[in-house]
Structures are given as C-alpha cells and as structure tokens.
Amino acid sequence: MKNKNIKWLTVAAMIAACYVVVTVAIAPIAFREVQFRISEALTILPLFTPAAIPGLFVGCLIANILGGAVLPDVIFGSLATLIGAVGTYYVGEFFRVSRSTQSLDGVKPIIIGTIPPIVANALIIPFVLKHAYGSPLSIPFMMLTVGIGEVISCGILGTILGMAVSKNARQVFQLVRK
C-alpha cells in the first residue's frame, strides 16, 4: 500500500511540474483576456488517473504564483482548474461504469472529458479578469474569449493528448489508480 501511495504522489507531482513548466514557458499568451494556456491540455489526464486532480491544482497554483498573478487569480484560477479536473475525472468514471471496464477506448469519452475544464474556466476566469485585474471588457465577451482559448487548449490539444495517452494509459496509470 505504501508503495502505491508513493507512485500516486509521484505521478501527481510530475503532472504538477509539467503544468508549471508549460505554463511558465508559454506565459506571454497565457495571461491575457484570451487566456490561451497550452498547459490546460493536461486537464484531460484525470480521465486516466485521479492523481492528475491534485497535480493539476497544485501545478496551476504554482504557475499562477510564479506568473505574478494577483491573489484572487491564484485562488479562483486554480479552483477553476480543480473543478474542471474533478469534472473530467467523473466523466471517465461514468464511461468506466457504463461500459463495465477500466479502459476508456474511443474518442467519445476523451472529447466529453474536455468539457468540464472548458466550462469551469469560461464561467470563472472572466470574473477574475474583471474584478481582480480591472479588465474593461464585458464578462460575457470574456466568457467567449476565455471559452475559445479553452476550446483550443483543452478541446483540441487535450483531445490530441488524450488520444496519445489512451494508447498506453493502462500500463502507465493503472499502477496509480486509487
């Protein structure tokens, strides 16, 4: 049991580190009203392991701090990623239960798994941009722009990542399913 917990924590830490590195490396296009964050593609990973949930949350928290985000952005931006990750995890659980299997074959669960982070970020982040940063844009317009950025990063890049990971997910993540 102890060995399994260490593996689970290691996977969570690796996902957090990947999120931070990608976010900080691509920061110039990540902290504007469009909010195109390539690292959000990683929000597909809770489909394959629950260890991705704290990994994504901590990764987003650290990336926001390192990126110089204001406190409301650090808190609510990280919570938006957490909510999206939990939603993606439950999408995976739904498909596993409905198919009575541990594998997630096919593109349908992956595409549906991208919806929770898209929605969470499109609904939460515009309020952060408006109230924490004083953006002059309207909240509905920013919901659209943030949503477009999330569709690109989570929906398109996340689906590509999910399809690549799904081919070896059983070998990589089965060891750390809790």
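The largest nonpolar core in this predicted model has 24 residues. Those with the most contacts inside this core are I15, Y19, L45, L47, F48 and L56. Three elements give two or more residues to the core: helix 1 (2-25), helix 2 (52-66) and helix 3 (71-99). Of these, helix 1 supplies the largest share, with 6 residues. There is also a second core, separate from the first, with 6 residues, among them A80, I125, L129 and I139.

## The overall fold

Now for the wider setting. The protein has 7 helices and 0 strands, and reading along the sequence gives the pattern α-α-α-α-α-α-α. Of its 178 residues, 47% are buried. Take the contacts between residues at least 6 apart in sequence: 72% of them join residues at least 24 apart.

## I15 in the main core

Where does I15 lie? I15 is part of helix 1, and it counts as buried because its relative accessibility is 7%, under the 20% limit for that class. If residues up to four places away in sequence are not counted, I15 touches L42, L45, A52, G55 and L56. Two of these partners, L45 and L56, also appear with I15 among the core residues that have the most contacts. For I15 and L56, 41 residues apart along the chain, the C-alpha atoms are separated by 6.4 Å.

## T88 and P117, a buried meeting point

Which residues is T88 in contact with, leaving aside its neighbours within four places in sequence? The list is T43, I44, P46, L47, G113, P116 and P117. T88 itself sits in helix 3 and counts as buried, at 0% relative accessibility. One of its partners, L47, belongs to the residues with the most contacts inside the largest core.

P117 offers the view from the other side. This proline is found in helix 5 and is likewise buried, with a relative accessible area of 0%. Not counting residues up to four places away in sequence, P117 touches T43, G84, T88, E150 and C154. T43 is therefore a partner of both T88 and P117, given that contact means heavy atoms within 4.5 Å. P117 can also be placed relative to G155: the two are 38 residues apart along the chain, and their C-alpha atoms are separated by 9.1 Å.

Helix 5 (residues 115-133) holds V119 as well. Is V119 buried, partly exposed or exposed? With 40% relative accessibility, V119 counts as partly exposed. V119 and G147 are 28 residues apart in sequence, while their C-alpha atoms are 7.3 Å apart in space.

## Aromatic pairs

The count of aromatic pairs comes to 2. A pair of aromatic rings is described by the distance of the centres and the angle of the planes. Here are both pairs with those values.

| Pair | Centre to centre | Angle between planes | Arrangement |
|---|---|---|---|
| Y89 and Y90 | 5.3 Å | 75° | edge-to-face |
| F94 and F95 | 5.5 Å | 85° | edge-to-face |

Why is the pair of Y89 and Y90 edge-to-face? Its planes stand at 75°, and an angle over 60 degrees puts a pair in that class. The 85° of F94 and F95 leads to the edge-to-face label too, by that rule.

The burial of the partners is worth a look. Y89 is buried, with a relative accessible area of 15%, whereas Y90 is exposed at 53%. In the other pair, F94 is exposed, with a relative accessible area of 53%, whereas F95 counts as buried at 7% relative accessibility.

## The surface

Finally, the outside. The protein exposes about 8700 Å², and carbon and sulfur atoms supply 75% of that area. Which residues make the nonpolar surface patch of about 740 Å²? They are I38, F141, L144, I148, V151, I152, I156, L157 and I160. One of them, I152, lies in helix 6 (residues 139-166). I152 is partly exposed because its relative accessible area is 34%, a value between the 20% limit for buried and the 50% limit for exposed.

Notes: Residues are numbered from 1 along each chain as its sequence is written. This is a predicted model: local features need pLDDT of at least 70, side-chain atom pairs count only at pLDDT 80 or more; totals for chains, interfaces and linings use all residues. Side-chain values use heavy atoms; hydrogens and water are left out. A nonpolar core is a set of buried Ala, Val, Leu, Ile, Met, Phe, Trp, Tyr and Cys residues joined through side-chain atoms within 4.5 Å. Buried means under 20% relative accessible area, exposed over 50%, partly exposed in between (1.4 Å probe, protein chains only). Helices (H or I, at least four residues) and strands (E, at least two) are DSSP runs, numbered from the N terminus. Accessible areas come from the Shrake-Rupley method with a 1.4 Å probe; for residues, only the protein chains shown count as cover. Patches are made of residues with over 30% relative accessible area and no salt bridge: like charges are joined within 9 Å, nonpolar side chains (Val, Leu, Ile, Met, Phe, Trp, Tyr) within 5 Å. A salt bridge is a side-chain nitrogen of Lys or Arg within 4 Å of a carboxyl oxygen of Asp or Glu. Rings of Phe, Tyr and Trp (its six-membered ring) pair if their centres lie within 6.5 Å; planes under 30 degrees apart count as stacked, over 60 as edge-to-face and the rest as tilted.
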